[in-house]
Amino acid sequence: MPNSPILPFVAAVGLVVAPAVPPLAAQTVHIAVDVNQDRIPVSPFIYGKNDSVGQPTSPLSEAGFQLLRDAGVRMIRLHGGNNGTKYNWQKRLTSHPDWYNNVYVSNDWDYAQAQLQQHLPGVQSMWCFQLLGKVADNTHNNFNDWAYNQSQWWSGTGQNLAGGGVANAAGGHDALTEGNPALYLTDSNADLSTAILDHWMKPTGLGLDRSQFLYWNMDNEPEIWEGTHDDVMPTQLPAEEFMQRYFAYAKAARARFPEIRLVGPVPANEWQWYNWPGGISAGGRSYPWLEFFIKRIGEEQARTGIRLLDSLDIHYYPGASAPADVVQLHRTFFDRDYVNPDANGVKTVNGGWDPTITQEYIFGRCAEWLEDYLGEDHGVTFAVTETGVPVTNAPLASVWYASMMGEFMRHGVEIFTPWSWQPGMWEVLHLYSRYNGSIAVRAMSNQENTVSAYATVEPTSGALTVVLVNRALTASTTTTVSLANTTVANGSYPTLQLANLPATETFQSHTVNALAHGTVSVAGGQFTLTLPALSITSVLFDGAIPAAPPAGPSRLANVSVRARSGTDNDALIVGFVVSGSGSKEVLLRGIGPTLSRFGVNAPLADPVMTLTSLAGSPIDANDNWGSDAARIDPIADALHAFGLETTSLDAALLTPLPAGAFTARIADKSGGVGIALGEAYDADLWGTARLVNVSARTWVGHGDDSLIAGFVVSGGSDKTLLIRAIGPRLTDFNVPGVMSDPTLRVYRQGDARPLYQNDDWGAISYAHELATTASAIHAFGLTAGSKDAVLLLTLPPGVYSAVVTSADNTTGVALVEVYEVQ
């Protein structure tokens, strides 16, 4: 305010003036919910935990599995953290770094994954690869901990005593004599570690469902191996050497399992987010660890075209235990204004030590680095696969956990699996996973530090859930919530509340738990609740938004192929199949000149499109589409196809086709060569007949001369597709000049990095499934071990492209195929 002559006088006489408003804690908190703003899909995998699903000697009971189902667990990280680093999947052994490095036989990953698949269908698991380079080999050289002290824990359990070590009775980490790891460990590498994928997916192995183990950690906390695995690594390897290991394992895993979700680098805690032992220098500057990791991922992906990271994963074990600090720790990840009581490593983020840097926002920083080094459309998500707070207070732990999940919903974090588990957390997991919607929407509080709202909607039912988290430690808080863009009528609505939780576990099942049921009255799109201290309250509104109409059947809605078209065998030939009963109205377009509007160099000057049956019988042809523009243009507009000038020399046909196979040949009228786009649109998405396959054959070069097949999955559910890039096999059909080694990459529209890719189809761990699927849909077979490329993918509705290039930098004729799998 401007200077006032009254203020010095007040100060001089010591006048006490009563505040004009009540203290902050007594103020009403105002929250605004808008279901049309900030809509972000909620990942089901934030409803996860580190856990076990049993071992052959101690199987999890049916009651244990039912608890996981009732709580709504959607992901379980099963590899055991440090115990996963030396796991030998062939011998089912692991070396326990926190227990003398002794080797144990009880950790059977095969059994655990099979149990999860049998008892928890739809629940995702997470395992890890062993980048350390050594895995457990035998149990013959264990330290006899029973004879030493009846297997009691003491401060020396971390001493390296397996392999003939001598214990230091004074305790601590250092043994009197270090054990010899060569006696109980054996060598491993990228090929051996990732071969577990073959073991699990091949029919000669376990034949497990690959859709349930998509996520794999790239080992665990590698930047502290000199401490946790110092029997193998007494001196930490340089960061760049670790990156070379990471690249080798990631590429090997991607080759065996193209759909795999690679999750790394899994640093141990806040200090390790920024610091690699010995420091990191490159190009004349120092780097914090996560920035350097992201930088090298971006560089190697650009160099190889192979996607090496899907989710950036960190661990976080805050030291803060004061209740006022614990309830704010969720702000560590995205809040740029939050002064983190654990801020330590972040002080080194710019090199050196700057004690003034206390704002952490670690995922905010990583988001900037990802955009800098991988581009805007990098597609990398975030994960926290280990965390915990040093408290045993159930109300405090529940509010911390509810705040963490709410923040991760709000920002689209993909994975959250806490390591430590306190009473109250089961209750929160159940409340969130069973009652929240699948889309997070805007919920703004004028006092976020005291009360936050996390709102979600479920489009299929039109339901809205508003979760109110009160972080006030001792006082109840009055909160008023305004609802915008909803159809919530005046009336009474149900609430579910967790408050005053006892120290002992209360959650037993979906119906037996601590949820207190109540109601709230809504008038004029507003309601007011008094929230108990340290409480979580969900308010449930059915029909708050218009329910989405039932989605049509999932199918291929339209397909396109872009490639160079030449003459004779090098002309662009687009094949497609109509399946079902009745006829299918199909819009076909052969685009050349109009491509120049989109920056395509050297487009085909004057395309002519000739439509024939598979047997070669002519059906129709077109030179210049404008001759039928009055009929075609409104259909193309309704299908959201880009517009064509009526005077352009592009070609198009709108024709009904019966079930069968057809080809559309697109070549230049005067025998020229250029880039052409062939398109086939399903002009009747609700008919019984449908497009089920598209293929294109042409000469394939580099850059603009790559072969690109675009396709759209429509409807309300995922669709399984078989996608193939054929080169060598074409010689069996007397095609000359074939591409010797095609590579296939599949992109989602807007992404700069491929979602999936394959070079040689026989290298995929589920090659048998590819062959049987091809046979079932009547696709011609491929020679075992050939260099043709194949992917079998289940994709959500959206726009995609399949790009065919050469793996050996050559050119030649190739065939790309996209099949709908029934």
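# A walk through the model

Of the residues lining the largest cavity, the largest share comes from helix α13, with 3 residues. Keep in mind as you click around that this is a predicted model.

**Stop 1: the cavity.** Select Gly406, Met409, Arg410, Ala440, Val441, Tyr454 and Ala455, and you have the lining of the largest cavity on screen. How big is the space inside? The volume of the largest cavity is about 30 Å³. A search of the whole structure turns up 1 cavity of 30 Å³ or more. Now colour the elements around the space: α13 (394–411), β19 (439–445) and β20 (451–458) each give at least two residues to the lining. How can empty space like this be found? Rolling a probe the size of a water molecule over the atoms shows where it is left.

**Stop 2: the pocket.** Next, go to Tyr215, Arg261, Glu414, Arg748 and Pro796, which lie nearest the centre of the largest pocket. The lining of that pocket has 47 residues in total, and the pocket's volume is about 1,500 Å³. Which strand gives the largest share of the lining? That is β40, with 4 residues. Other elements that supply at least two lining residues include β2 (40–41), β17 (381–387), α16 and β41 (798–806).

**Stop 3: helix α16.** Since α16 helps line the pocket, select residues 767–776 to see the whole helix. Which of its residues are buried? Ala767, Leu770, Thr773 and Ala774 are. These four span an arc of only 125 degrees around the axis, so they sit on the same side of α16. Turn the helix around and you meet Ser775 and Ala776, which are exposed on the other side. Now show β37 (719–726) and β40 (789–795) too: the buried residues of α16 pack against both strands. Before you leave, click His778, just after α16, where phi is positive at about 65 degrees.

**Stop 4: backbone oddities.** Most residues other than glycine have a negative phi, and most peptide bonds are trans. Here are a few places to look for exceptions.

- Pick Asp38, in the loop between β1 (29–34) and β2. Its phi is near 55 degrees, a positive value in a residue other than glycine. Asp38 is partly exposed, at 42% relative accessibility.
- Pick Asp219, in the loop between β12 (215–217) and α7 (225–228). Phi of Asp219 is positive as well, near 70 degrees. Is Asp219 buried or exposed? At 0% relative accessibility, Asp219 is buried.
- Pick Gly264 and Pro265: the peptide bond from Gly264 to Pro265 is cis, with omega near 0 degrees. Pro265 belongs to strand β13 (residues 261–265).

**Stop 5: Tyr246.** Gly264 leads you straight on, as one of the residues in contact with Tyr246. Tyr246 is in helix α8 (residues 239–256) and is buried, at 0% relative accessibility. Leaving aside neighbours within four places in sequence, its contacts also include Leu131, Met218, Phe293, Ile297, Leu308 and Leu309. Try the distance tool from Tyr246 to Ala190: these two are 56 residues apart in sequence, yet their C-alpha atoms are 9.0 Å apart in space.

**Stop 6: Tyr148.** Now jump to another tyrosine, Tyr148, in helix α4 (residues 145–149). With a relative accessible area of 36%, Tyr148 is partly exposed. Leaving aside neighbours within four places in sequence, Tyr148 is in contact with Phe143, Trp154, Ala167 and Ala169. How far is it from Tyr148 to Ser452, C-alpha to C-alpha? The two are separated by 53 Å, and their positions lie 304 residues apart along the chain as the sequence separation.

**Stop 7: rings and charges.** Finish with the aromatic rings, of which the whole structure has 43 pairs. For one of them, select Tyr287 and Phe292: their ring centres are 6.1 Å apart and their planes are at 55 degrees, so this pair is tilted. Both partners are tucked away, as Tyr287 is buried at 11% relative accessible area and Phe292 is buried at 4%. Add Arg285 to the view, and you will see its charged end over the ring of Tyr287, 3.8 Å from the centre. For another such arrangement, select Arg589, whose charged end sits over the ring of Phe642, 4.7 Å from the ring centre.

Key:
Residues are numbered from 1 along each chain as its sequence is written. This is a predicted model: local features need pLDDT of at least 70, side-chain atom pairs count only at pLDDT 80 or more; totals for chains, interfaces and linings use all residues. Side-chain values use heavy atoms; hydrogens and water are left out. Rings of Phe, Tyr and Trp (its six-membered ring) pair if their centres lie within 6.5 Å; planes under 30 degrees apart count as stacked, over 60 as edge-to-face and the rest as tilted. Buried means under 20% relative accessible area, exposed over 50%, partly exposed in between (1.4 Å probe, protein chains only). A charge sits over a ring if NZ of Lys or CZ of Arg is within 6 Å of the ring centre and within 35 degrees of the ring normal. The arc is that of the directions from the helix axis to the C-beta atoms. Contact means heavy atoms within 4.5 Å. On a 1 Å grid over the protein atoms alone, a cavity is a set of points where a 1.4 Å probe fits but cannot get out, and a pocket is an open set with protein on both sides within 12 Å along at least five of seven lines; lining residues have an atom within 4 Å of a point. Grid points are joined across faces, edges and corners, and a volume is the space filled by probe spheres set on the points.
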